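Student: Please take me through this structure one feature at a time. For each, I would like the general idea and then the case at hand.

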Amino acid sequence: MNAKPVIELRGIVTRFGATLVHDGLDLTVQRGEVVALVGGSGSGKTTLLRHIIGLTRPAAGEVSVFGAPLFSGSVREQRMRRRRFGVLFQHGALFSAMNVAENIGFPLRELRLATDAEIANLVALKLSLVELEPATALLMPAELSGGMVKRVALARALALEPELLLLDEPTAGLDPDRSMAFVELVLSLQRQLGLTVVLVTHDVDTLAALATKIAILSDRCIVSCASLEETMELDHPFVDGFFRKPFGLRAGVRSGGAR
Amino acid sequence: MRSPEIATDAATVPGTRGLVRLQGDWTLRALAQRLSTFRQQLAGRRDDVAWSLNGISRLDSFGAALMWHAWDKRWPERIEIPENLRAIIDRVAASAESPLPRVPRFNLVDAVIVLGSTLLSFRDHALDFTRLLGQLCLDLAYLLRHPAEWPLREISANVYKAGFKAMPVAALVGFLIGVVMSYLSALQLRAFGADIFIVNILGLGIIRELGPVLVSVLVAGRSGSAMTAQLGVMRVTEEIDALSAMGISRTIRLVLPKVIALTLAMPLLVLWTSSVALLGGMLSAWLQLDLGMAFFVERLPQVVPLANLVIGFAKGAVFGLMIALVACHFGLRVSPNTESLSSNTTASVVSSITVVILIDALFAIATRSIGVPR
């Protein structure tokens, strides 16, 4: 395959009214990387993710995905490009009028390529991939627990065999046990399917377990995009607040020292 | 991305089998272009030929499922396949073995159950509605004892939203209906030389009947649906639960203001719409029958007793009360999914219009000897 970066953001500028959210932001994600976007609340992480998906457009700058600008080419080409990535929204965004199996099979059915038998087969496969019982297939989204919603949403994001997976707060709202299990699930899928993953998270454990690179969004720019070890070396107020303090506290709690 | 290919080597020696070689990327994206061709070429040849999958550079689960189903869910007798691809197809095969549970088919017992639950849901609605009504009465009693807690701001906001903002559309519809009624009646009346009775027809018809019903249908569609949707979304987003958690009565805060506001605003809207409709009728009568406007205005109170205006007013208040109650009833029944929101909003509008017309019939019977000159 080509060596072009999967995602390339160049000089992104985003404004909401008078506030400048991003100012000349650059970010490059190579194939096979797992990049975690971190930053304070309101620093524009989710907005950046929405730029990559193409739900919003930056005021200036260019978003390129798979080596071509996101909005270039014919409608058909744009649509094909979009099918190459799967998105896991923060609250799952499952279609509440459909049951789990219909939700997962929906993108496949919309493509009108697979037969019913193949769709049923693939849905069963995705369900087992995210470690859910076949019996969940008939449940409605309203009947699922938070962790199950995330798993079903992940299965749906994987339905079209994406090369790029975008996760918005994948572990928010899960207890530590489930969140760790979910992280392991994403990690094993990433290895199995050779996915490129971009995730937005606040959770240090998630990011330590998953990310190969950490992109820090601060002062309207990506201030650093490096591995966890390199990031920890960094001298930046955000790194101090985000990594050192909580880590220190946690380490203390684990050793039973801190009160 | 390498495009997928099927290469066939014909059998060289009679009696031996041909070889089918699959090459390139067998992924959803690559296959999408010529999928039906591939499906045809793969189908029904499982054991007739030998297969070689060594040339496949990428295989995803869609491609694997395609092959597996083309092979009728069994491995071909002769196949050369690298281990990593075999694992992918094996996973697909395993999940084909454990199929999803099916939605049971609809049968006679289900039909009985549906019928029964429909009947029971009527009972549910009646109970819920009574409960809501009772709660509102209790709230009113409470508010009479604690006058400081009247939700006056909410009431005035609702009067503005459901009443004032409905004035332009109500006027437009009223005016046009007035014109149409006057025009059609004028054609008939002129044939009998009874031009002057247009005042009676328009006066009685609009003030007593058409005005209130017309406004009710408009308001049910406009404000009733909005109330249901608002309460419904507040349920979906747990805002109503948040209110309860703060110890704030949801009926006093959300339902009562809507009910009171609509009960107050509807008679005024009826008055407004009826006046505009009469204006339209008057204009049309003037143009069609050459009936002077001043004459129309002078004649109106002589032929339409005041009781009709009172009946129109009363109808407006009762209709407004019912529309708001029905809208809130359905709004509070919404469960947290989009399907329920849409079905409850539909049910709200349909029921409130039906209820309005039923009550209108009751009014017609109850007031049959009042205000009709003989």
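Student: In what kind of crossing does α8(B) pass α12(B)?

Tutor: A crossing is left-handed if the near helix is turned anticlockwise from the far one by less than a right angle, and right-handed if clockwise. In this predicted model, α8(B) passes α12(B) in a right-handed crossing. Helices (H or I, at least four residues) and strands (E, at least two) are DSSP runs numbered from the N terminus.

Student: At what angle do the axes of α8(B) and α12(B) cross?

Tutor: Two packed helices are described by the angle between their axes and the distance between the axes. Here the axes of α8(B) (residues 198–236) and α12(B) come within 8 Å and cross at roughly 20°. Axes are lines fitted to C-alpha atoms, for helices over the stretch in contact, with angles from 0 to 180 degrees between N-to-C directions. α8(B) is therefore roughly parallel to α12(B) (under 35 degrees; over 145 is roughly antiparallel, 65 to 115 roughly perpendicular, the rest oblique).

Student: Which elements of chain B have the lowest and the highest mean pLDDT?

Tutor: pLDDT is the predictor's confidence in each residue, from 0 to 100. Within chain B, strand β1 (residues 5–9) has the lowest mean, 77, and helix α12 (residues 306–333) the highest, 94. Chain B as a whole averages 88, with 98% of its residues at 70 or more. The model's ipTM is 0.72 and its pTM 0.71. Local features need pLDDT of at least 70 and side-chain atom pairs count only at 80 or more, while totals for chains, interfaces and linings use all residues. Residues are numbered from 1 along each chain as its sequence is written, and chains are lettered from A and ligands numbered from 1 in the order written.

Student: How many residues of chain B are in contact with chain A?

Tutor: Contact means C-beta atoms, placed from the backbone, within 7 Å. By that criterion, 24 residues of chain B meet 23 of chain A. On the chain B side, α1 (28–31), α3 (61–70), α4 (83–97) and α13 (338–366) supply at least two residues each. The largest share, 5 residues, comes from α3(B).

Student: How many residues of α3(B) are buried?

Tutor: A residue is buried with 20 or more other C-beta atoms within 10 Å of its own, exposed with 12 or fewer, and partly exposed in between. α3(B) is mostly covered, with 8 of its 10 residues buried, including F62(B), M67(B) and W68(B). Those buried residues pack against α4 of chain A, and in chain B against β2 (19–26), α1, α2 (35–42), β3 (50–59) and α4. After α3(B) comes D72(B), with a positive phi near 60°.

Student: Which residues does L125(A) touch?

Tutor: L125(A) sits in helix α4 of chain A and counts as buried because 23 other C-beta atoms lie within 10 Å. Leaving out residues up to four places away in sequence, L125(A) touches S61(B), R91(B), V92(B) and S95(B).

Student: Which helix gives the most to the largest nonpolar core?

Tutor: A nonpolar core is a set of buried Ala, Val, Leu, Ile, Met, Phe, Trp, Tyr and Cys residues joined through C-beta atoms within 7 Å. The largest has 91 residues, and A36(A), L37(A), V123(A), V198(A) and A215(A) have the most contacts inside it. Helix α4 (residues 116–129) of chain A gives the most to this core, 8 residues. Apart from it lies another core, of 56 residues, I201(B) and F330(B) among them.

How values were computed. Contact = placed C-beta atoms within 7 Å.
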